Amino acid sequence: MPNKTLSAALVAALFTLIAAVLPAAAEVYGDGVDVDEATPILDIVADPDAFIGKTVRIEGTVLEVCPKKGCWIEVGAGGGTIQVKVEDDVIVFPASAKGRIANAQGEVEAIEMNRDRYVAWLGHVAEEKGEAFDAATADVGDGPYRIIRIRGTGASIE
(Lines give C-alpha, C1' and ligand atoms only; values in the text may rest on other atoms or scores of the structure.)
Protein backbone atom coordinates (compact mmCIF):
# COMPACT_ATOMS: atom_id res chain seq x y z
CA MET A 1 0.00 0.00 0.00
CA PRO A 2 2.69 2.59 0.75
CA ASN A 3 4.01 2.27 -2.81
CA LYS A 4 0.56 2.95 -4.30
CA THR A 5 0.14 5.99 -2.07
CA LEU A 6 3.58 7.29 -3.03
CA SER A 7 2.88 6.65 -6.72
CA ALA A 8 -0.45 8.49 -6.54
CA ALA A 9 1.22 11.42 -4.79
CA LEU A 10 3.95 11.55 -7.44
CA VAL A 11 1.40 11.46 -10.26
CA ALA A 12 -0.62 14.26 -8.60
CA ALA A 13 2.53 16.34 -8.14
CA LEU A 14 3.51 15.78 -11.77
CA PHE A 15 0.09 16.94 -13.03
CA THR A 16 0.26 20.00 -10.78
CA LEU A 17 3.70 20.87 -12.15
CA ILE A 18 2.57 20.44 -15.75
CA ALA A 19 -0.51 22.62 -15.15
CA ALA A 20 1.67 25.33 -13.65
CA VAL A 21 4.10 25.31 -16.59
CA LEU A 22 1.65 25.06 -19.50
CA PRO A 23 -0.16 28.26 -20.46
CA ALA A 24 -3.86 28.32 -19.72
CA ALA A 25 -6.18 28.30 -22.70
CA ALA A 26 -7.37 31.76 -23.67
CA GLU A 27 -10.96 32.66 -22.88
CA VAL A 28 -12.83 33.70 -26.03
CA TYR A 29 -15.51 36.39 -26.04
CA GLY A 30 -17.98 37.28 -28.79
CA ASP A 31 -16.80 36.34 -32.26
CA GLY A 32 -13.23 35.81 -31.08
CA VAL A 33 -10.29 37.17 -33.02
CA ASP A 34 -9.45 36.38 -36.63
CA VAL A 35 -7.47 39.41 -37.84
CA ASP A 36 -3.95 38.07 -38.41
CA GLU A 37 -1.78 41.07 -37.64
CA ALA A 38 -2.09 43.23 -34.53
CA THR A 39 -2.09 46.99 -34.98
CA PRO A 40 -0.02 48.73 -32.30
CA ILE A 41 -2.27 50.69 -29.96
CA LEU A 42 0.15 53.60 -30.06
CA ASP A 43 -0.30 53.81 -33.88
CA ILE A 44 -4.07 54.17 -33.44
CA VAL A 45 -3.71 56.76 -30.69
CA ALA A 46 -1.09 58.76 -32.62
CA ASP A 47 -3.11 58.96 -35.87
CA PRO A 48 -6.69 57.86 -35.19
CA ASP A 49 -8.06 59.28 -38.44
CA ALA A 50 -5.97 56.75 -40.37
CA PHE A 51 -7.91 53.94 -38.65
CA ILE A 52 -11.47 55.27 -38.27
CA GLY A 53 -13.89 52.76 -39.80
CA LYS A 54 -11.25 50.03 -40.13
CA THR A 55 -11.34 46.68 -38.40
CA VAL A 56 -8.21 46.14 -36.34
CA ARG A 57 -6.81 43.69 -33.81
CA ILE A 58 -4.95 45.02 -30.81
CA GLU A 59 -2.92 43.21 -28.20
CA GLY A 60 -2.00 44.41 -24.74
CA THR A 61 -2.59 44.26 -21.02
CA VAL A 62 -6.09 44.77 -19.68
CA LEU A 63 -5.72 47.85 -17.48
CA GLU A 64 -9.38 48.33 -16.52
CA VAL A 65 -12.66 46.45 -16.84
CA CYS A 66 -16.10 48.06 -16.66
CA PRO A 67 -17.08 47.27 -13.06
CA LYS A 68 -20.83 47.58 -13.68
CA LYS A 69 -21.56 45.40 -16.72
CA GLY A 70 -18.20 44.24 -18.07
CA CYS A 71 -19.07 46.10 -21.28
CA TRP A 72 -15.61 47.55 -21.91
CA ILE A 73 -11.96 46.94 -21.28
CA GLU A 74 -9.11 49.43 -21.37
CA VAL A 75 -6.10 47.85 -23.07
CA GLY A 76 -2.57 49.21 -22.95
CA ALA A 77 0.67 48.46 -24.78
CA GLY A 78 3.71 50.38 -25.98
CA GLY A 79 2.77 53.54 -24.10
CA GLY A 80 -0.74 53.80 -25.56
CA THR A 81 -4.16 52.84 -24.22
CA ILE A 82 -7.51 52.36 -25.91
CA GLN A 83 -10.95 51.30 -24.81
CA VAL A 84 -12.66 48.32 -26.39
CA LYS A 85 -16.42 48.81 -25.97
CA VAL A 86 -18.75 45.90 -26.66
CA GLU A 87 -22.51 45.65 -26.83
CA ASP A 88 -24.03 45.58 -23.35
CA ASP A 89 -25.09 42.11 -22.17
CA VAL A 90 -23.89 40.48 -25.41
CA ILE A 91 -20.22 40.26 -24.45
CA VAL A 92 -19.33 40.54 -20.77
CA PHE A 93 -15.71 40.85 -19.69
CA PRO A 94 -15.01 39.51 -16.19
CA ALA A 95 -13.23 41.63 -13.58
CA SER A 96 -10.60 38.86 -13.47
CA ALA A 97 -9.41 39.98 -16.94
CA LYS A 98 -7.59 42.93 -15.35
CA GLY A 99 -3.83 42.45 -15.59
CA ARG A 100 -4.11 39.72 -18.23
CA ILE A 101 -3.16 39.83 -21.91
CA ALA A 102 -5.98 40.55 -24.33
CA ASN A 103 -6.29 40.29 -28.07
CA ALA A 104 -9.34 42.21 -29.17
CA GLN A 105 -10.74 43.21 -32.51
CA GLY A 106 -13.34 45.55 -33.83
CA GLU A 107 -13.87 48.76 -35.73
CA VAL A 108 -12.08 51.94 -34.69
CA GLU A 109 -14.59 54.71 -34.08
CA ALA A 110 -14.50 58.36 -33.15
CA ILE A 111 -17.24 59.85 -31.02
CA GLU A 112 -17.47 63.62 -31.36
CA MET A 113 -19.05 65.44 -28.42
CA ASN A 114 -19.83 68.93 -27.30
CA ARG A 115 -18.50 70.01 -23.91
CA ASP A 116 -21.70 69.19 -21.97
CA ARG A 117 -21.96 65.69 -23.43
CA TYR A 118 -18.25 65.07 -22.79
CA VAL A 119 -18.56 66.14 -19.14
CA ALA A 120 -21.62 63.89 -18.77
CA TRP A 121 -19.66 61.00 -20.27
CA LEU A 122 -16.78 61.59 -17.83
CA GLY A 123 -19.32 61.57 -14.99
CA HIS A 124 -20.74 58.28 -16.23
CA VAL A 125 -17.27 56.67 -16.36
CA ALA A 126 -16.49 57.95 -12.84
CA GLU A 127 -19.80 56.54 -11.58
CA GLU A 128 -19.04 53.14 -13.14
CA LYS A 129 -15.69 53.10 -11.34
CA GLY A 130 -17.17 54.33 -8.05
CA GLU A 131 -15.11 57.53 -8.21
CA ALA A 132 -16.16 61.02 -7.22
CA PHE A 133 -16.80 63.47 -10.05
CA ASP A 134 -18.01 67.07 -9.91
CA ALA A 135 -19.20 68.30 -13.30
CA ALA A 136 -19.18 71.90 -12.07
CA THR A 137 -15.45 71.86 -11.36
CA ALA A 138 -14.31 69.43 -14.06
CA ASP A 139 -11.30 70.78 -15.92
CA VAL A 140 -11.83 69.49 -19.46
CA GLY A 141 -10.23 72.30 -21.44
CA ASP A 142 -11.66 73.86 -24.56
CA GLY A 143 -12.00 70.76 -26.73
CA PRO A 144 -12.36 69.36 -29.25
CA TYR A 145 -14.08 66.59 -27.33
CA ARG A 146 -13.48 63.35 -29.12
CA ILE A 147 -13.27 59.78 -27.89
CA ILE A 148 -11.37 57.22 -29.94
CA ARG A 149 -12.22 53.63 -29.13
CA ILE A 150 -12.75 50.25 -30.69
CA ARG A 151 -16.29 48.96 -31.13
CA GLY A 152 -15.38 45.40 -30.16
CA THR A 153 -16.75 42.31 -31.87
CA GLY A 154 -14.55 39.73 -30.19
CA ALA A 155 -11.62 39.11 -27.91
CA SER A 156 -9.47 36.46 -26.33
CA ILE A 157 -7.95 36.91 -22.91
CA GLU A 158 -5.02 34.81 -21.75
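User: In which loop is the place of Asp89?
Analyst: In this predicted model, Asp89 has a phi near 65°, a positive value in a residue other than glycine. Most residues other than glycine have a negative phi. The residue belongs to no helix or strand, for the place of Asp89 is in the loop between strand S4 (80-85) and strand S5 (101-113).

User: Is Asp89 buried or exposed?
Analyst: A residue counts as exposed when its relative accessible area is over 50%. The relative accessible area of Asp89 is 56%, so Asp89 is exposed.

User: What is the order of the elements of the protein chain from the N terminus on?
Analyst: The secondary structure comes to three helices and six strands. Read from the N terminus on, these elements run α-β-α-β-β-β-β-α-β.

User: Which peptide bond is cis, with omega near 5°?
Analyst: Most peptide bonds are trans. A cis bond with omega near 5° precedes Pro144, a residue found in the loop between helix H3 (115-129) and strand S6 (145-157). The bond in question runs from Gly143 to Pro144.

User: Which element gives the most residues to the largest nonpolar core?
Analyst: The largest nonpolar core has 22 residues, and Ile44, Val56, Ile58, Ile73, Val84, Phe93 and Ile150 touch the most other members. Two or more residues come from each of helix H2 (41-46), strand S2 (55-65), strand S3 (72-77), S4, S5 and S6. With four residues, the element that gives the most to this core is S2.

User: How many residues are in the second, separate core?
Analyst: In soluble globular proteins, nonpolar side chains tend to be buried together. Here a second core, separate from the largest one, includes Ile111, Tyr118, Val140 and Tyr145, and its residues number eight.

User: Which residues does Phe93 touch, not counting residues up to four places away in sequence?
Analyst: Phe93 is one of the residues that touch the most other members of the largest nonpolar core. With residues up to four places away in sequence left out, the residues touched by Phe93 are Tyr29, Val65, Gly70, Trp72, Ile73, Val86, Ala155 and Ile157.

User: Is Lys85 buried or exposed?
Analyst: Lys85 lies in strand S4. Beyond its neighbours within four places in sequence, Lys85 is in contact with Cys71, Trp72, Arg149, Ile150, Arg151 and Gly152. Buried means a relative accessible area under 20%. The relative accessible area of Lys85 is 13%, so Lys85 is buried.

User: Which side chain does a polar contact of 2.7 Å join to that of Lys85?
Analyst: Lys85 is a buried residue of strand S4. At 2.7 Å, the polar contact joins the side chain of Lys85 to that of Asp88.

User: Which element gives the most to the lining of the largest pocket?
Analyst: The largest pocket has a volume of about 240 Å³. Its lining comprises 14 residues, of which Glu74, Gln83, Trp121, Ile147 and Ile148 lie nearest the centre. S3, S4, H3 and S6 each supply at least two residues of the lining. The element that gives the most, with four residues, is H3.

User: What distance separates the C-alpha atoms of Gly130 and Lys68?
Analyst: Gly130 is found in the loop between H3 and S6, and at 67% relative accessibility this glycine counts as exposed. Gly130 and Lys68 are 62 residues apart along the chain, and their C-alpha atoms are separated by 9.5 Å.

Notes
Residues are numbered from 1 along each chain as its sequence is written. This is a predicted model: local features need pLDDT of at least 70, side-chain atom pairs count only at pLDDT 80 or more; totals for chains, interfaces and linings use all residues. Side-chain values use heavy atoms; hydrogens and water are left out. Buried means under 20% relative accessible area, exposed over 50%, partly exposed in between (1.4 Å probe, protein chains only). A nonpolar core is a set of buried Ala, Val, Leu, Ile, Met, Phe, Trp, Tyr and Cys residues joined through side-chain atoms within 4.5 Å. Contact means heavy atoms within 4.5 Å. A polar contact is a pair of N or O atoms within 3.5 Å; within protein, one must be able to donate a hydrogen and the other to accept it, and residues adjacent in sequence count only if both atoms are side-chain atoms. On a 1 Å grid over the protein atoms alone, a cavity is a set of points where a 1.4 Å probe fits but cannot get out, and a pocket is an open set with protein on both sides within 12 Å along at least five of seven lines; lining residues have an atom within 4 Å of a point. Grid points are joined across faces, edges and corners, and a volume is the space filled by probe spheres set on the points.
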